[in-house]
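User: I am new to reading structures. Could you take me through this one and explain what the terms rest on?

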Amino acid sequence: MVGAPITYTAFEDRLFSGLPEGEIAEALRSRGLPGRRTEAWKWSDLRAALREERAASVAYAGSDPASPLEPEGALVLFCRNGEWDLPELPDGVRVSLDAPRPTVLPDADLASLATTARVLTIEVDGTFGTPILIRRLSDGSGTHADRVSLRVAPHGRATLYETHEITGAPFPNSLTEIVLGEGASLTRLVVQPPASEAVLVHTSLLDVCEDAELNQSALTLGGALVRHENRLVQHTDSRVRLDALYKLSGQRHCDTTTHVDYAGTGAETRQLVKGVALDRARGVFQGKFHVDRGAQKTDAQMSHHALLLSQGASVNAKPELEIYADDVECAHGNTAGALDPEAMFYLRQRGLSEEAARGLLIDAFAGEVLARVGDEGMRAQLERLFREASN
Amino acid sequence: MLNIENLTVEIEGNPILDSLSLSVPAGEVHAIMGPNGSGKSTLSYTVAGRPGYEPVSGDVTLDGESLIGLEPDERAAKGVFLSFQSPVAIPGVATMNFLRTALNAQRAARGEDEVSSADFLKVFRTHAQTVGLTPDKLKRPFNDGFSGGEKKRMEMLQLALFQPRFAIMDETDSGLDIDALRMVGRVVNELRSPDRGFLVITHYQRLLEHVRPDRIHVLAGGRIVHSGGPELAAELEEGGYEQFTAEAA
């Protein structure tokens, strides 16, 4: 279908003129940035959020803040406004910075845009006991992209922590590609402290091979517009935990979008996403399990539960199951509501102030997601980050 | 001690309590008995300050000080304790942490020192044993997976722990077996003292065999229609509420 030509926003104008000619430029020019009129982005109007002129980011100006996550003995890789800073590497891991590999990814416009960035390739063989921490630091008001490609060899084990630490009003666009080889396992944690002025899009493409296991949790505190999109392919007998927790106040926005394709039989997925929205904040959850005809014995559960704590707060959710196989166990659940008034009164009758009672119930609500983080130390750090974000 | 004067409460526009007056002097245990829907739970919620149960008129005072307009936690700090008819379970809230925080919040509001973790644990364990809750239950989130009876034991544990000035027990006996009823009697009788009062709301005489009240009031149609001594319980058991509700009508 050929629609009316798009009138580019000031940002699109500059962005598209700077793109190297090729499929990506062509595709982006024809559609413009995704927004209200794009089904997959209808609740996260990126086009509107990026309307204003925005130049390429200059060098990171600030000093490095204290890390929101402090995994013991981790290999730390810094990316400051899209520029990598690589440390000396221990045995068992290979890291290289490679030339961009432009590819157009269907339904993933923004990820395509990040493919113009150089690729930080991380290869883990066997059991690499050292956790890898990628700290993406962003500041200013420009735009930059980064791309990470992690490969865990068959039967290898790895732990990947990622942070987005943003000050000011930049637009970082991150792409993480992960391939878990046969029988490999990965624990992944993504953390994003609040960034009220910033726009962030982080797309992750994960290929979970036969018998591989992924345990993923994300904690995000939102921004002017933040989207964490995870697109997975699960192969035979793979196991995935795909959790997320968000807490938004002020006018912050966070979009958690996941898409899982089942390319083999007997795959298992457990997804628990919970969110808290206050003031005029908005949470978005879009989840889709796409079970192909051949993906028999798929066992997949998706849940999204949100707490709306102010009149002006909102949550949009679209949990979807698209099932073409006949011997599967798939379910989804979705709720949104206020704090239980019975529980509130009970706690206050016992002496807790309204604020303390609210805090206790909010922490309890979130606790279900955080309890699934296996590492006790990391769990405690996530609990602290969650609690410190305003109620 | 607790004085309720001409208390009128409407819930969603319907009058539930109708100019109710009641006085429980310090050191006494009063019981309220009455048919279903007579306003017993509304009375307990109004005294404890549950949002939505603000009186249209009348007053509730504790030691001469009005409770009306105070937040539920302010009333708790002044010594009002409500043993709930149907206590909630709160998954995700650690029992001991919650109760210690609550106790210290009350103490802070009264200008008293905080109770240390060690001291709290000692007291908590003693009370847990008294009410018959095993340590594995107390490690669970608050009331999580508890039976009705266990929840009532948890209410009694808190009564012993908070040592309130005035306790309202809203159908604490419902769903309890004979041993548990005896336990309730033990906890309450141990706490009876010249400067503490109790209001025991119940349907049945059997609890009052373990907690002997000084006065019994019959609540019907939102007001006290009859009052008497402890012997009234047997009369009610014998002749039902009708003898008094008919009198009120």
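Analyst: We will go through the contact between the chains, then a pocket, the cavities and one arginine. Keep in mind that this is a predicted model.

User: What makes Arg350(A) and Glu155(B) a salt bridge?

Analyst: Distance and atom type. The closest N and O atoms of Arg350(A) and Glu155(B) are 2.7 Å apart. The cut-off is 4 Å between a side-chain nitrogen of Lys or Arg and a carboxyl oxygen of Asp or Glu. The pair is within that cut-off, so the name salt bridge applies. Between chain A and chain B, the count is four salt bridges.

User: How many residue pairs are in polar contact between the two chains?

Analyst: There are 11 such pairs between chain A and chain B, with both residues at pLDDT 80 or more. On the chain A side, helix H5 (341–349) and helix H6 (354–370) each supply at least two residues that touch chain B. H5(A) gives the most, with seven residues.

User: How many of the touching residues of chain A are nonpolar, polar and charged?

Analyst: That side of chain A divides into eight nonpolar, three polar and three charged residues.

User: How many residues does each chain bring to the contact, and what area is buried?

Analyst: Chain A brings 14 residues and chain B brings 29 residues. The area buried between them is about 1,900 Å². Carbon and sulfur atoms give 66% of that area. On chain A, Phe345(A), Tyr346(A) and Arg350(A) supply 41% of the area that this chain buries against chain B. No other three residues supply more.

User: Now the second largest pocket. What is its volume, and which residues are closest to its centre?

Analyst: Its volume is about 540 Å³. Of the 25 residues that line this pocket, Thr116(A), Ala117(A), Thr143(A), His144(A) and Ala145(A) are the closest to its centre. Helix H1 (10–18), strand E2 (83–85), strand E6 (143–152) and strand E8 (171–180) of chain A each give two or more residues to the lining. By class, the lining has 13 nonpolar, eight polar and four charged residues.

User: Why is the space lined by Gln216(A), Ala218(A) and others called a cavity?

Analyst: A 1.4 Å probe fits there but cannot get out, so the space is called a cavity. The structure holds four cavities of 30 Å³ or more. The largest cavity holds about 70 Å³ of space. Among its lining residues are Gln216(A), His228(A), Asp243(A) and Val273(A). The elements that give two or more residues to this lining are strands E11 (213–220), E12 (223–234), E13 (239–248), E14 (253–262) and E15 (268–277) of chain A. By class, the lining has four nonpolar, seven polar and one charged residues.

User: What lines the second largest cavity?

Analyst: Its lining includes Arg188(A), His202(A), Gln216(A) and Glu229(A). About 50 Å³ of space lies in this cavity. Strand E9 (185–192), strand E10 (195–208), E11 and E12 of chain A each give two or more residues to the lining. E12(A) gives the most, with three residues.

User: How do you know that Arg379(A) is in contact with Leu370(A)?

Analyst: Contact requires heavy atoms within 4.5 Å. Arg379(A) and Leu370(A) are listed as in contact, so they have heavy atoms within that cut-off. Leaving aside neighbours within four places in sequence, Arg379(A) is also in contact with Ala371(A), Val373(A) and Gly374(A). Arg379(A) is found in helix H7 (residues 376–388) of chain A. From C-alpha to C-alpha, Arg379(A) and Val369(A) are 9.9 Å apart in space, and they are 10 residues apart in sequence.

Conventions. Residues numbered from 1 in each chain as written. Chains lettered and ligands numbered in written order. Heavy atoms only, no water. Buried area = accessible area lost by both parts, 1.4 Å probe. Polar contact = N/O pair within 3.5 Å; in protein donor to acceptor, adjacent residues only side chain to side chain. Helix = DSSP H or I, 4+ residues; strand = E, 2+ residues; numbered from the N terminus. Nonpolar A, V, L, I, M, F, W, Y, C, P; charged D, E, K, R; others polar. 1 Å grid on protein atoms, 1.4 Å probe; cavity = no way out; pocket = protein on both sides within 12 Å on 5 of 7 lines; lining within 4 Å. Points joined across faces, edges and corners; volume = space filled by probe spheres on them.
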